[in-house]
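Subject: Structure for your review

Dear colleague,

Please find below the structure that I am handing over to you. My findings follow it.

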Amino acid sequence: MRKLVRLQQIILFIILLLVLSACSKTEPTNVAAVNPTSNDITSNTSAKKTITIGIVNAPVTLNQINTQDNSASLTPISLLNDSLLDVTDTAQFIPKLAESIETKDKQTYKIKLKPNAKWNDGTPFTTADVAFTLKLALNPKVDTSFKLAFIEGLNEIGKLDEKTTDITGLHIIDASTFEIRAKTPIDPLVFNERFGVKVNYLPAHILKNVNPEKLSTHEYFQKPTVTIGPYRFTSYQKGQYVELAKNENYYLDVPKIDRIFIKVLPAANLVAQLQTGEIQMNSLPVGLVPITEYDKVKSFDNVHVTSAPASEPAELFFNTEKLPDKRVRQAIAYALNRPLIVNQLLKGQAEIIDGGIPSSHPYFNKKIKPYDYNPEKAKQLLQEAGWDYKRTLTFLIPVGNKVREQAADIVVQNLEQIGLNIDVQKFDFPTLIDKVEKGEHDVTIFTRDYYIEPSLYFTTYRSNDPDSVIRYHHPLVDELILKGEQEIDEQKRHVIYDQLQEVLHDEVPTLAVYSEKRLQVVSKQVLTGKPLNIGTFNQVNQWDIVTK
Amino acid sequence: MMRRYIFRRLLISIPVFFGITIFSFLIMNMAPGNPVDMLINPNIPKEMLEIRKEMLGLNDPLYVQYVKWLSGLLKGELGYSYSSFASVSQMIGERIGPTLLLASTSLVLGVLLAIPIGVISAIKQNATLDYVLTGLAFLGTSIPPFFLGLGFIYIVGIQLGWLPTGGMTTLGGTGGIGDILVHLILPALVLGIAIAGKKVRYVRASMLEVLQQDYLRTARAKGISELVVLHKHALRNALIPIITIVGTEIPLLLGGSIIIEQIFQWPGIGQLTMEALLSRDYPTLMGLNIVAACIVLSTNLVMDILYAIVDPRMKYS
């Protein structure tokens, strides 16, 4: 027996050494540190209302002025921060911090803040916070996701020049009123989205002495306890979950749900945990229940399953330098059996459109009739274009979105059926982007973000963008893009963008394959609240859940 | 003698360590894509991306970037993540604990399963029990851990509802060792089974070899009970080669736990590695490489020393 004891000692010794040797840099306190150190009160108040939302990618940052447009990060950030406006799922604006936004000439916008707006520590929110945030975020040394190049006094990339600290386009009138002046008149929609919705604020009373160069690594952004939103930060257990508690000091109705957990889990477990009730809802677009699991989630009796309106489509992007003849691109459009993809792969939970703008978007051109499935016509077009059948097309496919990968496989089969040779290459996203930038692709597929402001859907078609995915040159398209960006009358803008969509439909530099109606899976315990394509949390203070 | 041996091995580790950092740095930078181009959003002006590259020092020649990073390291700074802007040493610090906990538990579990099974199967060589046990061991190595993991989640977590399907603590719970242990069972079992499956065959083979030695026959002839013969004379000798094999398992365990950590949402460095890799977060990746290098180098060293302790025949050269 002694020998076995000795053996056990040796093994224990190995483990001990392993733990000790794991580099001097790491502190040995970590196992204990993983225990939530948050409020102890939670354990004895079972009546607390809690919702757990599942997402599949971990939030990378909680920095409200540099969200990196990362959808996973935006989930906690939008619960922690209110902006002047929020947006509904039909792209309408609703006021939050703003009492009113007025403009007479579409160049000067006058904003009145809600008089009772205050940070979650009770400090009033004033125009001093607005000025502080803008001056800091627009400092050339600071990273920000704000896109405010339209404001007077900022340079082309939307920053202050070196050594200037004042924004000429920002005019503070009093503690609750300020004006923003644009370089030229702009559509209020642009102002509302870029300034009203996308600009979050920093608490001047907390960060006033910070060095701009060191801002991004400041402790505040790891634990942003003072924010202005319906929820306040409790903890972020890296790789596990973000815990938020309701803001008792909220300037609107105090939320009914006491705590919200945003739980990070792999896609494969999302459905399982909805079934076990460990999470109460999925999230869009970072907690997608694969549509291939539709029948399965439908069969669970503890959840409601609904479909959101059709969202941003997965699109083919053609390298138009390698495929300059539009007949070839049209042939590809005719060759795709999209009804099969929608009905078989996506169980009917998708729409067929051709352009990048989803059908629920106000600027979607309803008059365009999508290309139908017509392989004969496709072959005929290839003949007319004098297609060289010995040529091989390189099709780059990003891995990660299973449904999109499967759809791409069907696309490849369809293209082979009309006689095209396809070389399929699958890569992780950074690799794919690198190859696309070098122009190694003939075709690639990915999904763009949702934009309220329609001009953002078209920047990729501009010819002054030599490294763009499609490398597209078309004088009329350039002209219409410019007109669309400068037009400030909504009706006229609609006309311009309708025409632009028609031209692009005929030219096919990009082609949507399917526009998915994402599944919204919500526990039956939840009385109010569900994931939406955009603006999920715009009324989160009204959300409610049955307590067990 | 021993001390000099350890000292020399430590000295050798130093250039190896720097070699590893140079190679990791080169390979990482050779991988296509970079952290800034990830922001392919066509609405970000090109100039903005250039400014960001400049700020991150990505436009410097590679050797300048390496020297900058190395001088940081010598000052004890691993830098800041390109995506979360958190300090790398802090990020790794938060994650290393859970990984070591999972890895060490699985290793102990694996060894504790493998030794008795291997020994019994050697003693009962070619009996039905032997076939059953080696069959099970074969199954343990053949089933990919990710599959076994998903199977466990489905059966134990969902159908039976006995154990949580993932994570390390209950959401918003008060935590505590009991809570962590409950979450630890499934991932540790999956990794443990994979380790045990591989080790059983080694233990069995090693035990069989020893069992045929003459000194065992002598021992038995002296009238020592079979149990003592097996424990005192056979097992100890049979386990010597096993120790080194267990040692080689440790670096593999760190690699293997990347997948298991994903499946069970275990908040360890495996998960962090995947995130950093997919966003080409160079400082975090380098930090993780250093940790991995330290672990591999130190386990190799410890294994060699242990080997010297249990087998006095070894020459220190």
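In chain B, the axes of α4(B) and helix α10 (residues 269-278) come within 8 Å and cross at roughly 135°. This is a predicted model, and the findings in this message should be read accordingly. An angle over 145 degrees would count as roughly antiparallel and one of 65 to 115 as roughly perpendicular; α4(B) and α10(B) are therefore oblique to each other. On the side of α4(B), the contact is made by Met91(B), Ile92(B), Arg95(B), Ile96(B) and Thr99(B). Helix α10(B) contributes Ile269(B), Gly270(B), Gln271(B), Leu272(B) and Glu275(B). By character, the residues of this contact between α4(B) and α10(B) divide into 5 nonpolar, 3 polar and 2 charged.

I turn next to the sheet in chain A. This is an open sheet of 6 strands with mixed pairing, in the order β13-β17-β12-β16-β14-β15. Its edge strands are β13 (350-351) and β15 (421-427) of chain A, each of which pairs on one side only. Within the sheet, β14 (residues 392-398) and β16 (residues 443-447) of chain A pair in the parallel sense over 2 bridges. Leu396(A) has Thr444(A) in β16(A) as its bridge partner.

Helix α13 (residues 429-437) of chain A packs on this sheet and touches β14, β15 and β16 of chain A. The direction of α13 makes about 145° with that of β14(A). Helix α12 (residues 402-417) of chain A lies across β12 (314-318), β14, β15, β16 and β17 (510-516) of chain A, and α12 runs at about 170° to β14(A).

Some points of backbone geometry also deserve your attention. Most residues other than glycine have a negative phi, and most peptide bonds are trans. Two residues may be set against that background:

- Lys163(A), not a glycine, has a positive phi of about 75°. Lys163(A) is placed in the loop between α4 (127-137) and β6 (170-174) of chain A and is exposed, with a relative accessible area of 85%.
- Phe85(B), also not a glycine, has a positive phi of about 60°. Phe85(B) lies in the loop between α3 (62-74) and α4 (88-123) of chain B and is buried, at a relative accessible area of 8%.

Finally, the peptide bond from Leu284(A) to Pro285(A) is cis, with omega near -5°. Pro285(A) is found in the loop between α7 (267-276) and α8 (294-299) of chain A.

With kind regards

Key
Residues are numbered from 1 along each chain as its sequence is written. Chains are lettered from A and ligands numbered from 1 in the order in which they are written. This is a predicted model: local features need pLDDT of at least 70, side-chain atom pairs count only at pLDDT 80 or more; totals for chains, interfaces and linings use all residues. Side-chain values use heavy atoms; hydrogens and water are left out. Two strands pair if DSSP finds at least two bridges between them. Helices (H or I, at least four residues) and strands (E, at least two) are DSSP runs, numbered from the N terminus. Contact means heavy atoms within 4.5 Å. Axes are lines fitted to C-alpha atoms, for helices over the stretch in contact, and angles run from 0 to 180 degrees between N-to-C directions. Buried means under 20% relative accessible area, exposed over 50%, partly exposed in between (1.4 Å probe, protein chains only). Angles under 35 degrees count as roughly parallel, over 145 as roughly antiparallel, 65 to 115 as roughly perpendicular and the rest as oblique. Ala, Val, Leu, Ile, Met, Phe, Trp, Tyr, Cys and Pro count as nonpolar, Asp, Glu, Lys and Arg as charged, and the others, Gly among them, as polar.
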